[in-house]
Amino acid sequence: MENGERAQGTFARKKAGPGKATILALGKAFPNQLVMQEFLVDGYFRNTNCDDPDLKQKLTRLCKTTTVKTRYVVMSEEILEKYPELAMEGLPTVKQRLDICNEAVTEMAIEASQACIKKWGRPVSDITHLVYVSSSEARLPGGDLYLAKGLRLSPETRRVMLYFVGCSGGVAGLRVAKDIAENNPGSRVLLATSETTIIGYKPPSAERPYDLVGVALFGDGAGAMIIGADPDLSIEKPLFELNTAIQHFLPDTEKIIDGRLTEEGISFKLARELPQIIEDNIEGFCTKLMEPIGLSNEDYNKIFWAVHPGGPAILNRLEKRLNLLPEKLSASRQALKDYGNASSNTIVYVLDYMLKESTKMKKEDQSPDELGLILAFGPGVTFEGILARNLTV
């Protein structure tokens, strides 16, 4: 039977290349607070005791343009009752924030990892490496240790942390996990990402208008993947094969995404030029990923696109510059709509939606794209990209 043919109502999986890293399972988790975008403005201004009509109007406008409909957040009325200083201007609150964040990201990372391990099908004792990504905590030892402890990983598990990598962290972690899997035969790598916006939660201020973009756009949650080469097909079900993986930073753009850990938590500044900068550089970056296998810009609509949805402006500009069909970014847009920009986690949600789209297409006798790109953009400005192959088509 040829790869891709129907067998008893299902599709045969394609085989990964020998020694090639594959994503073997995905998992996700969220805090309990679900925020409906239509109710966010009134709740945020009520919780921060602000009645500035101009700022409220601006946030209302931003909430409509982000295309976000729902998000999950750790912040709650109970937290604000216990720590009312978080909603006040100019108070040193980094200790309180980190106390909340450190616990929350560990809890979400454990939940996402457990969901991923359950789908994977092998015992937790088979995990040999851990890659942990977060821009929402700071402590020593780091969240990798607390996650390993919470999952009861072996003390011999080799751990790597990626801290404060921002929105590109999920793909950066996947690149690192790929290298580990391919250079350690038989290894199984758990990649976990976990983020919460409490680290940067602030009351609205006319002096910080860019903060409102974050209020309208960002969400909390966690994601997890198992990565390994040469899967045991009697147990494991490979989802994506990972091929070329590259990283590129754009010189002299370090101030475009600027984050500082201060006594009041993290302060972010996102320059308006960011979508334009990404648009101006995306084609050259994609060429580096596609050329080695003989693909060119004429093939953009023949591959899949798993793009971190930093915001609608970035997705819109990529779609226009690359002349992509609207459905090419549907998984990214759906993740943004349902979860907001959840920083490093979001690429897990995008890949999850992409697999669901593939399943739906196959049931309708359509052929999903086999090859594609996994992309994210973060501080630097840094581009992360992986050429991947969908093994479920």
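What follows is a walk through the predicted model of this protein chain, from its overall build down to a few single residues.

Seen as a whole, the protein chain folds into eleven helices and 15 strands. Its radius of gyration is 21 Å, close to the 21 Å that the globule rule gives for 393 residues, so the protein chain is as compact as a globular protein of that length. The C-alpha trace spans about 65 × 50 × 40 Å along its principal axes. Of the 393 residues, 55% count as buried. Contacts in the protein chain often reach a long way along the sequence: taking those between residues at least 6 apart, 79% join residues at least 24 apart.

On the outside, the protein chain exposes about 17,800 Å², and 51% of that comes from carbon and sulfur atoms. As for charge, there are 47 positive and 52 negative side chains. The centres of these two sets lie 3 Å apart.

Helix 1 gives a handy first look at the packing. This helix covers residues 37-47, and its buried residues are Gln-37, Leu-40, Val-41, Gly-43, Tyr-44 and Phe-45. What do the buried residues of helix 1 pack against? Their partners are two strands and two helices: strand 4 (33-36), strand 5 (70-73), helix 2 (53-65) and helix 7 (211-217). After helix 1 comes Asn-49, which has a positive phi, near 55°.

Next come the aromatic rings. A pair of aromatic rings is described by the distance of the centres and the angle of the planes. With ring centres within 6.5 Å taken as the limit for a pair, the count comes to 13 aromatic pairs. In one of them, Tyr-339 and Tyr-349, the ring centres are 4.8 Å apart and the planes meet at 50°. Why does this pair count as tilted? Planes under 30 degrees apart would be stacked and those over 60 edge-to-face, with the rest called tilted, so the 50° between Tyr-339 and Tyr-349 makes the pair tilted. The pair also links distant parts of the chain, with Tyr-339 in helix 10 (residues 330-339) and Tyr-349 in helix 11 (residues 346-363), ten residues apart.

Are these two tyrosines buried or exposed? Tyr-339 has 11% relative accessibility and counts as buried, because the cut-off for buried is under 20%. Tyr-349 is buried too, at 0%. Both rings also belong to a wider group: Phe-30, Tyr-72, Tyr-339, Tyr-349 and Tyr-353 form one aromatic cluster.

Phe-377 and Phe-383 make another aromatic pair, this one edge-to-face, at 4.9 Å centre to centre and 70° between the planes. Phe-377 is buried, with a relative accessible area of 6%, and Phe-383 is buried as well, with 1%.

The backbone has a couple of cis peptide bonds to point out. One joins Leu-140 and Pro-141, with omega at about 0°. Pro-141 sits in the loop between strand 6 (129-134) and helix 5 (143-151). Another cis bond runs from Gly-380 to Val-381, where omega is near -10°. Val-381 is found in the loop between strand 14 (371-378) and strand 15 (382-390).

Positive phi values turn up in loops as well. Arg-152 has a phi near 60°, a positive value in a residue other than glycine. Its place is the loop between helix 5 and strand 7 (158-163), and at 74% relative accessibility Arg-152 counts as exposed. Asp-252 is a similar story: phi is near 65°, again positive in a residue other than glycine. Asp-252 lies in the loop between strand 10 (240-249) and strand 11 (257-262), and it counts as exposed at 73% relative accessibility.

Finally, there is another loop residue to visit. Asp-299 is located between helix 8 (274-290) and strand 13 (304-307), in the loop there. Is Asp-299 buried or exposed? With a relative accessible area of 12%, Asp-299 is buried. Setting aside its neighbours within four places in sequence, Asp-299 is in contact with Met-290 and Gly-294.

Notes: Residues numbered from 1 in each chain as written. Predicted model: local features only at pLDDT ≥ 70, side-chain atom pairs only at ≥ 80, totals over all residues. Heavy atoms only, no water. Phe/Tyr/Trp six-rings, centres within 6.5 Å; stacked < 30°, edge-to-face > 60°. Helix = DSSP H or I, 4+ residues; strand = E, 2+ residues; numbered from the N terminus. Buried < 20%, exposed > 50% of the residue type's maximum accessible area, 1.4 Å probe, protein only. Rg over C-alpha atoms; globule rule 2.2 N^0.38 Å. Contact = heavy atoms within 4.5 Å. Areas by Shrake-Rupley, 256 points an atom, 1.4 Å probe, with all protein chains shown as cover. Lys, Arg positive; Asp, Glu negative; His and termini not counted. Charge placed at Lys NZ, Arg CZ, Asp CG, Glu CD.
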